[in-house]
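Here is a short note to read beside the sequence and the model, written as numbered points. Please keep the structure in view and look up each residue as it is named.

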Amino acid sequence: MKKIIISVFCLIFALCLVGCGENEMMDDLSSGMNSAKDMVESTADKVTDGAMELVASITGDQAKRKAFEHAGVKEEEVKDLDVDLDRDGMTLIFEIDFKHGDTEYDYNINAMTGKILSADKDRN
């Protein structure tokens, strides 16, 4: 009877050790996967941001001023201003949208050259 109790105790102890080791291994694996995910996401952000910053030779403020000048408006007169750096194929563009009075303006400006690629206005 003593041998059976010792054997059961040893079996339970061994199972506890295996279970503890498995939890630690799963925690390590989970931690490693999260670190790898964070590194990939961080690298992707840096590549995207870096590529856009390196390629764009004008700033959003310069593109915005170019659009205002073309539209014949002053910045303090506009509302709902939105300036975004985006891609059109392999070309980086600033998309600039704003309202002046009852007119909505939409500009696409090449972020490398500063050239106005398109200019649209709609009256409401």
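1. Lys-99 has Glu-104 as its bridge partner in β3, and this can be looked up in the model, which is a predicted one. The neighbouring residue in the sequence, His-100, has Thr-103 as its bridge partner in β3. These belong to a set of 8 bridges that join strand β2, residues 91-100, to strand β3, residues 103-110, and the two strands run antiparallel. In general, the strands of a sheet pair through backbone hydrogen bonds, and they do so either parallel or antiparallel.

2. Between β2 and β3 the chain forms a hairpin with 2 residues between the strands, and in this hairpin Gly-101 takes a positive phi near 65°.

3. On the β1 side, Lys-99 of β2 stands opposite Lys-79. Here, too, 8 bridges make the connection, joining β1 to β2, and these strands run antiparallel. The hairpin of β1 and β2 has 2 residues between the strands, and Gly-89 takes a positive phi near 70° in it.

4. How are the strands ordered in the open sheet? The sheet has 4 strands in the order β1-β2-β3-β4, with antiparallel pairing. Because β1 (79-88) and β4 (116-123) each have a single partner strand, they stand at the edges, and one side of each is left without a neighbour in the sheet. Neighbouring strands of this sheet are turned against each other by 15° on average, if direction is ignored.

5. A helix should be considered together with this sheet: α2, made of residues 60-71, packs on the sheet and touches β1, β2, β3 and β4. The direction of α2 makes about 50° with that of β2.

6. The aromatic residues deserve a point of their own, and the structure holds 3 aromatic pairs. The rings of Phe-98 and Tyr-105 have their centres 4.9 Å apart and their planes at 15°, and this pair is stacked because planes under 30 degrees apart count as stacked. The rings of Phe-98 and Tyr-107 have their centres 6.2 Å apart and their planes at 5°, so this pair is stacked as well.

7. Are the residues of these pairs buried or exposed? Both Phe-98 and Tyr-105 are buried. For Phe-98 the relative accessible area is 2%, and Tyr-107 is likewise buried, with a relative accessible area of 2%. Together with Phe-68, the residues Phe-98, Tyr-105 and Tyr-107 form one aromatic cluster.

Key
Residues numbered from 1 in each chain as written. Predicted model: local features only at pLDDT ≥ 70, side-chain atom pairs only at ≥ 80, totals over all residues. Heavy atoms only, no water. Phe/Tyr/Trp six-rings, centres within 6.5 Å; stacked < 30°, edge-to-face > 60°. Buried < 20%, exposed > 50% of the residue type's maximum accessible area, 1.4 Å probe, protein only. Pairing = 2+ DSSP bridges. Axes fitted to C-alpha atoms, helices over the stretch in contact; angles between N-to-C directions. Contact = heavy atoms within 4.5 Å.
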